[in-house]
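Please open the model in your viewer and keep the selection tool at hand, since this tour moves from one selection to the next.

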Amino acid sequence: MMLTFIISLPALSGTLRCVPDSHRSFALGLQWIVIRLLGTIPGPILFGSLFDNTCTLWQNTCGRGGACRSYDNFYMSRYMMGTSILFKFLSTILFFLAWWLYVAPPSPPPPDPPPNTATGPPTTISDTPAPPNTPPNNHHHHKSSKYSRELKGIDNVAVDPI
């Protein structure tokens, strides 16, 4: 059980780091569909055959085979532990193989520097140029008042690249 938790968190983190932000929910959904398909379809069939192989006494009703009445607990415990360790080891090997073969996408080029103007970039809302077809802003008395705010980071369209 501990090995399941050791592998599941890095797989989730790897998916979230490798997929662009716009596709993360789709990638996680697809990952869980694959996990459920590979776990819920062949898993019960495989473990059912392991139960059948460890049966020592089958119930017979009217000449037909029935359910198992007694299992060899020694072999059942060995088969279950061996199968679990085998698949955990296989998933760990495949996880590290994916980690080793992963190639990071190229980093984006650095943004172009802002144009060097004599007045500098606008620093307050009243300094920004008005969009075309809009009346000019005649409220310059707010420039130094408490209602103006500094444009920084993502708010400053003149400085940040689009």
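Begin with residues 28–51, bearing in mind that the model is predicted: this span is 96% helix and 0% strand, and its end C-alpha atoms lie 33 Å apart. Now select residues 85–103, where the chain is 89% helix and 0% strand, and where the C-alpha atoms at the two ends are 29 Å apart. Both ranges carry the label "transmembrane region" in UniProt, in an entry that is unreviewed.

Next, colour α4, which covers residues 73–101, and display the side chains of Leu46, Leu86, Phe87, Leu90, Leu94, Phe96, Leu97, Trp99, Trp100 and Leu101, which make a nonpolar surface patch of about 1100 Å². Helix α4 contributes the largest share of this patch, with nine residues. Leu86, found in α4, is a suitable residue on which to pause: its relative accessibility is 53%, and it counts as exposed because the cut-off for that class is over 50%.

Follow the chain past the end of α4 to Val103, which is placed in the segment after that helix. Is Val103 buried or exposed? With a relative accessible area of 67%, Val103 is exposed. If you add Cys18 to the selection, you will find that its C-alpha atom and that of Val103 are separated by 9.7 Å, although the two residues are 85 apart along the chain. Cys18 itself counts as partly exposed, at 44% relative accessibility.

Now move to the strands, selecting β1 (residues 55–61) together with β2 (residues 64–71), which pair in the antiparallel sense over five bridges. Thr61 stands opposite Arg64 of β2, and the hairpin has two residues between its strands, with Cys62 taking a positive phi near 55°.

Stay with this hairpin and show the cysteine side chains. How many disulfides does a search of the whole structure find? The search finds one, formed by Cys55 and Cys68, whose sulfur atoms are 2.1 Å apart. This pair links distant parts of the chain, with Cys55 in strand β1 and Cys68 in strand β2, 13 residues apart. The torsion about the S-S bond of Cys55 and Cys68 is about 105°, and the disulfide is therefore right-handed.

As a last step, check the accessibility of the two partners: Cys55 counts as buried at 13% relative accessibility, and Cys68 is likewise buried, with a relative accessible area of 16%, because buried means under 20%.

Definitions and conventions: Residues are numbered from 1 along each chain as its sequence is written. This is a predicted model: local features need pLDDT of at least 70, side-chain atom pairs count only at pLDDT 80 or more; totals for chains, interfaces and linings use all residues. Side-chain values use heavy atoms; hydrogens and water are left out. Two strands pair if DSSP finds at least two bridges between them. Helices (H or I, at least four residues) and strands (E, at least two) are DSSP runs, numbered from the N terminus. UniProt positions are given in the numbering used here, feature names are shortened, and annotations may be inferred rather than shown by experiment. Buried means under 20% relative accessible area, exposed over 50%, partly exposed in between (1.4 Å probe, protein chains only). Patches are made of residues with over 30% relative accessible area and no salt bridge: like charges are joined within 9 Å, nonpolar side chains (Val, Leu, Ile, Met, Phe, Trp, Tyr) within 5 Å. Accessible areas come from the Shrake-Rupley method with a 1.4 Å probe; for residues, only the protein chains shown count as cover. A salt bridge is a side-chain nitrogen of Lys or Arg within 4 Å of a carboxyl oxygen of Asp or Glu. A disulfide is a pair of cysteine sulfur atoms within 2.5 Å.
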